[in-house]
Structure formats: C-alpha cells, structure tokens
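Here's a quick back-and-forth for anyone meeting this structure for the first time. We'll ask how the labels are earned, then check them.

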Amino acid sequence: MPKSNSGFEKDRKKYILTRFIIAGVLVVFLGLVFLIFLKSFEVTADGVKVDGNIHYTDEEICNLVLGEKSRANSIFLMLKYQNRSITDVPFVERIDVSVTDRHSVQVSVYEKALAGYVSYLGTYLYFDKDGIVVENSSVLTPAIPEVSGLKYNHFVLHEPLPVENKEIFQKVLNMTNLLEKHGICATKIQFDQTETMTLHFDKVRVLIGDESEIDEKIMRLAAILPSLQGKSGILHMETYAANAKDITFESDEVTTENPSVEPESEAETDETSEKTQEM
C-alpha cells in the first residue's frame, strides 16, 4: 500500500534532520581538528627571542608582535610579516619578525642611532649624529647622554636642531662611541662657551679639556671611575699627560665644608682635593 503524503513528509523531515545532525557533528569535528591544528602552531612569549632592543623591554616587544594576549599563530605571523617590517614604533627604525619553527619566533629590533638628547619644555628631544631630531618624547631612555650647552630657540621633528656649529653633533657622537668602546656611559655631556666638554657621571664631573690624547684620556678615565663610586666632585683631566701618574680629584665635600675658600693652584691638594691614581 503506497505511503500517504503525511508519511512521506515525516520521512523527508527525518532525512533532513539526520543530515543536519550529521553536518553538525562534522562541523564540530572539523572545528576541533582546526583548533588542534592551530594549537600545534601556537607561539607564546616563551617562544619569542628578541635582540637589538634597548629602549623597549622584551615583554613590550613581545606584546607588540603577538598582541595583548601574548600568543599568536606562527602561520599567521609568517604570512603577516613575510615581506614587511614593523616601522611605526617610536625610537625604532624597523622590527623584523621571522618564524624559526612552529612555536618559535625571532624578533630583530633595529633602533634609531641616537647620539644624545636635550631637555626642552619638559620633554626630551633625541637627535642623531647629524643633529636631526628623530624623536620627541616624555620617556627618558637609558644609556643615552643628556647634552647641555647647546643654544637653539625652536625645533622641527626630523630636521636638525638649529645650532650655530653643526659639527658639535659629530663631537657628541665621537665621544659616546669612545665611551662605549671603554665600557662607560656618561649621564651628561656639557659644553661651555668655547665648546669644551665636561663629562658627567652622576655626581662626578670630568673636565676633559681639548681633544688631544682623547683616547688615552678616556681609557684612563674608565680605570679611575670605579674608585670614585659614590663621590661628588671634579676630576681634572684637562691637563692630562700620558706619563702623568696622578690626576687631581677636587671633592665637593671639601668645598661644602669651607665654601668661601677656593684653591689658588693644584698644589693645594692637601686641603682642597684628593689624588686619584689608576689601579
């Protein structure tokens, strides 16, 4: 006996429901497979190796690359950064991201070459070897010296600071490179009216004088500074000679105790200064 229309309708609905159930199970199964697949290519902060960064911490660079959740998919990262670098980060020339394996990423940070900074209306203007202002920031970057004594009345980002003698920026770069060569870092480089440098290491001021025998001066300075840790005063290297055994250190403590007395000559070292010898 042939089925009635209602019987056919029930069979059709049952068939459609069965197909929906099968399709749903298949979607869930494929979804789980896809999640497992994605999980097998997951990169977390532990799998990110960062190099070249000074201004930013490893954690900040990781968050920049992986996002706020500090995790991402290595396939997605490979496609995203295959032919492009991150270039819109202050103080950074570019950031290159390369996937080394399913769970590991190499991040290379190329920071802008900063020679120093000047304070300007509560902010810090960072400039390069040509005096070009590369960043204007309220954040103080470690290991970059402050430069004082420069005269200017305005600035334009990505243009040189308008100082009279443009060669002074090369002097700053030469000095910072020399200090780095000998493993020391000045907190400030100060220029007087004749553009003679005074280096500041916290509370120790070093009178450099002219640039004669400058490499030997900085090498000797690097050996002397550890003995001046915690002290405050002036180290006289403006009359430095390679065969000199002693270099005069004039302590601020002596000047504070007897502020009205000024030494007439370096011979008065018993009352006004200490003798610092290279160890």
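Q: What makes β10 and β11 count as paired strands?
A: In this predicted model, four bridges join β10 to β11, and the two run antiparallel. Pairing takes at least two bridges, so four is enough for the label. One example is Phe191, whose bridge partner in β11 is Met197.

Q: How do you know that β11 and β12 pair too, and in which sense?
A: Here there are five bridges, in the antiparallel sense. The bar is at least two bridges, so β11 and β12 (residues 204-209) qualify as well. Across this pair, Thr198 stands opposite Leu207 in β12.

Q: What sits in the hairpins on either side of β11?
A: The hairpin of β10 and β11 has five residues between the strands, and there Glu195 takes a positive phi near 65 degrees. The hairpin of β11 and β12 has two residues between the strands, and there Asp202 takes a positive phi near 55 degrees.

Q: Why is β11 called mostly covered?
A: Five of its five residues are buried, and buried means under 20% relative accessible area. Met197, Leu199 and Phe201 point one way, Thr198 and His200 the other, and all are buried.

Q: Why is the contact between Glu195 and Lys171 called a salt bridge?
A: Their closest N and O atoms are 3.7 Å apart. The cut-off is within 4 Å, so the pair makes the grade. The two come from distant parts of the chain, 24 residues apart: Glu195 is in the loop between β10 and β11, Lys171 in helix α4 (residues 168-181). Lys171 and Glu195 are also linked with Glu211 in a network of salt bridges.

Q: Is Glu195 buried, partly exposed or exposed, and what about Lys171?
A: Glu195 has 25% relative accessibility and Lys171 has 23%. Partly exposed lies between under 20% and over 50%, so that label fits Glu195 and Lys171.

Q: How do you know that Lys181 and Asp215 form a salt bridge?
A: Their closest N and O atoms are 3.1 Å apart, which is within 4 Å. Lys181 lies in helix α4 and Asp215 in helix α5 (residues 214-224), so the pair ties together parts 34 residues apart in sequence. Lys181, at 56%, is exposed because the label needs over 50%.

Q: What makes Lys217 count as buried?
A: Its relative accessible area is 1%, and buried means under 20%, so the label fits. Lys217 also meets Asp210 in a salt bridge (3.8 Å, N to O), while Asp210, at 47%, counts as partly exposed.

Technical notes. Residues numbered from 1 in each chain as written. Predicted model: local features only at pLDDT ≥ 70, side-chain atom pairs only at ≥ 80, totals over all residues. Heavy atoms only, no water. Salt bridge = Lys/Arg side-chain N within 4 Å of Asp/Glu carboxyl O. Buried < 20%, exposed > 50% of the residue type's maximum accessible area, 1.4 Å probe, protein only.
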